[in-house]
Amino acid sequence: MAKSPQEEHPQKAFGWAARDPSGILSPFHFSRRENSPDDVTVRVLFCGVCHTDLHSIKNDWGFTRYPIIPGHEFTGIVTKLGKNVKKFKLGDKVGVGVMVGSCRSCESCKQGLENYCPKMMFAYNSIYHDGTKNYGGYSNMVVVDQHFVLRFPDNLPLAAGAPLLCAGITVYSPMKYYGMTQAGKHLGVSGLGGLGHVAVKIGKAFGHKVTIISASPNKKDDAIKRLGADAFLLSTDPTKMKAALGTMDYIIDTVAAVHPLGPLLGLLKVNGKLITLGLPEKPLELPIFPLVLGRKLVGGSNIGSTKETQEMLEFCAKHNITADIEMIRMDYINTAMERLAKSDVRYRFVIDVAGSLSE
Amino acid sequence: MAKSPEQQHPTKAFGWAATDPSGVLSPFKFSRRATGEKDVRFKVLYCGICHSDLHMVKNEWGSSTYPLVPGHEIVGIVTEVGSKVEKLKVGDKVGVGCMVGACHSCDNCANDLENYCPKMILTYGATYYDGTTTYGGYSDVMVAEERYVVRFPDNLPLDAGAPLLCAGITVYSPLQHFGFTKPGMHIGVVGLGGLGHVAVKFAKAFGVKVTVISTSPSKKKEATEHLGADSFLVSRDPDQMQAALGTMDGIIDTVSAVHPLFPLIGLLKSHGKLVMVGAPDRPLELPIFPLLMGRKIVAGSCIGGMKETQEMIDFAGKHNITADVEVISIDYVNTAMERLQKADVRYRFVIDIGNTLKAA
């Protein structure tokens with residue numbers, strides 16, 4: 001006898017949800033759980049629009065549970081504390097990213113790698129410990145276990161900093177894991193969108209030469225003049241691609257569409273690493289000869305741990321790294337999703353939730 | 001005005017070569033260069049038959065030029081050394097593997113990774129510094145620069161040790177480089193042929209738990225009772241594969257036929273690594289979700305540098321690791337190639353060059 005979303009929990013909440021694979025979002029009344037001793041309530045101020053939100057509302061990957069409230073890059077203010085909460089106080093500026101729960105007892109959790117816990121719970125669409133479905137940050141308030149809430153450094157703006165909670169950590173974590181923190185290397189960033197543009201900024205902060213690899217020639221100016229990339233490689237130009245063979249130590253591949261890996265592998269030096277972060281709907285084709293002949297590798301990565309996410313926020317605050325955003329009102333969201341599907345944004349939409357979400 | 005193979009160099013040599021993509025091998029007279037100041041000359045006693053030899057004689061990779069004398073698992077006894085040779089002397093037992101030259105000035109060469117040098121020269125079918133074609137070990141004599149010659153420990157038999165020069169280093173290098181050597185780790189080996197069976201032996205010597213993953217249930221007894229694998233997984237059995245999900249720290253995949261990666265990626269624990277040492281000639285499907293969700297890696301590896309090849313031979317000597325071989329006479333080589341095509345060998349043919357290769 002399932003309760004309606006409005007009746008499920010004791011605290012009223014309001015947001016925008018998609019109810020079917022058309023992905024159209026509209027006003028939605030629901031409810032949030034009462035704060036357990038470890039829970040913090042976040043009044044949402046801003047929420048980034050991640051490409052994953054688009055995939056999810058349209059059920060591209062086949063596991064969406066409707067109605068779905070997306071949003072896993074949200075920042076705001078602490079307005080209520082469970083009785084055991086020590087990490088935060090009322091009024092603190094905080095952020096919540098992709099993870100809101102994990103089993104806390106498996107090997108991954110014990111090692112502080114909650115993002116690799118087989119039972120990791122996503123900010124939206126996952127089933128929480130209490131058996132109810134999680135609703136994300138396109139809403140007025142969220143109740144989250146303090147362990148998964150990040151403190152926002154004072155000098156990091158809440159709007160332009162919000163996308164760091166997914167895009168930022170998604171590129172920062174593999175840069176550390178795959179050894180890119182040693183300065184002076186040549187980093188290629190494939191795809192110049194939400195993830196890609198943050199990867200350029202963090203790559204430069206790590207002290208690397210950064211080349212953007214893109215199929216869109218019109219992105220070149222912005223890439224070099226505004227984002228600070230050292231070079232721009234047009235992937236559709238065979239002469240330029242040939243000249244760049246074997247020149248890169250790493251490539252962060254952020255492209256979400258199905259695309260060939262062969263040309264990217266060719267750009268790597270011997271022992272080079274191709275890190276794939278985009279989630280295409282179908283498997284990619286992997287040519288094996290280039291891997292074998294150059295001892296190259298293709299590796300994945302999934303966001304980062306809570307500790308790493310906090311570290312990433314401090315790093316970005318120190319280096320003044322934020323996302324390049326286009327602020328929108330909640331009622332613009334469906335148009336924003338259409339534009340996102342065509343990559344028509346420089347480079348992340350951020351919803352002014354507090355300023356525009358009204359019942 | 002190209003010279004014939006017999007006239008190209010000052011010293012006579014004799015071997016068996018393929019003359020066209022039928023791949024059929026037959027007696028072939030050619031010549032070897034005079035022993036240069038850095039060169040080591042040795043009388044070939046044995047040569048392993050690698051699956052690459054089969055690919056090359058039939059021009060399956062499109063890079064073969066004929067006549068082609070294959071063989072890159074070559075062992076023998078030193079008969080002459082050049083004036084600048086320091087570590088080897090006449091009478092030493094030595095071997096040469098897949099490479100006989102490189103640029104020696106790039107980063108890879110400086111890091112003892114000649115195998116990744118863009119100008120690396122293959123032991124056969126390639127062009128040497130002097131512009132001549134390199135000929136491999138299905139022949140009576142071999143001349144190679146000292147850097148590319150390894151010394152065989154006294155206790156390592158030459159016939160069963162020959163395949164280590166390619167198969168051995170091809171699996172030893174990634175086992176070390178990707179860190180599959182920590183006791184307590186669980187490593188999978190896909191494919192039980194020339195590479196696979198040696199991988200099992202090396203991995204056991206490192207003290208790791210080894211599971212052989214194979215499509216052939218009939219190989220189980222061999223794998224566990226003879227080679228010492230701890231367990232055997234039939235990749236076509238969905239129940240067995242399901243039970244083994246997320247149990248392996250690393251997998252060495254020796255299979256060169258096209259095959260699915262998804263089930264292998266599933267066998268890896270989080271942060272696990274799948275290393276390809278066989279090279280299918282068509283791209284394989286890479287499922288992205290499991291790679292990301294488990295921070296897993298798919299990598300490749302190609303033989304090893306000369307320093308680690310010597311290290312591998314010394315390790316094999318210390319742990320008494322050799323290949324399981326079927327020693328054949330040179331006259332049997334074409335039949336051996338046909339059987340190799342069907343994987344009908346346990347697990348490497350080795351040609352008894354010393355006793356059966358005689359110039360007409």
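Reader: Hi! Which residues in helix 10 of chain A are buried?
Author: Among them are A:Met312, A:Leu313, A:Phe315 and A:Cys316. Buried means under 20% relative accessible area (1.4 Å probe, protein chains only). This is a predicted model, where local features need pLDDT of at least 70 and side-chain atom pairs count only at pLDDT 80 or more. Residues are numbered from 1 along each chain as its sequence is written, and side-chain values leave out hydrogens and water.

Reader: And what do those buried residues pack against?
Author: They pack against strand 6 (99–101), strand 9 (149–151), helix 4 (167–177) and helix 5 (194–205) of chain A. Helices (H or I, at least four residues) and strands (E, at least two) are DSSP runs, numbered from the N terminus.

Reader: What comes just after helix 10 of chain A?
Author: There, A:Asn320 has a positive phi of about 55°.

Reader: Switching to chain B, where does B:Arg41 sit?
Author: B:Arg41 is part of strand 3 (residues 39–48) of chain B.

Reader: Why does B:Arg41 count as buried?
Author: Because its relative accessibility is 10%.

Reader: Oh nice, so which side chain does B:Arg41 join by a polar contact?
Author: The side chain of B:Thr35, at 2.9 Å. A polar contact is a pair of N or O atoms within 3.5 Å; within protein, one must be able to donate a hydrogen and the other to accept it, and residues adjacent in sequence count only if both atoms are side-chain atoms. The B:Arg41 side chain also reaches the backbone oxygen of B:Arg33 at 2.8 Å.

Note on methods. Chains lettered and ligands numbered in written order. Buried < 20%, exposed > 50% of the residue type's maximum accessible area, 1.4 Å probe, protein only. Contact = heavy atoms within 4.5 Å.
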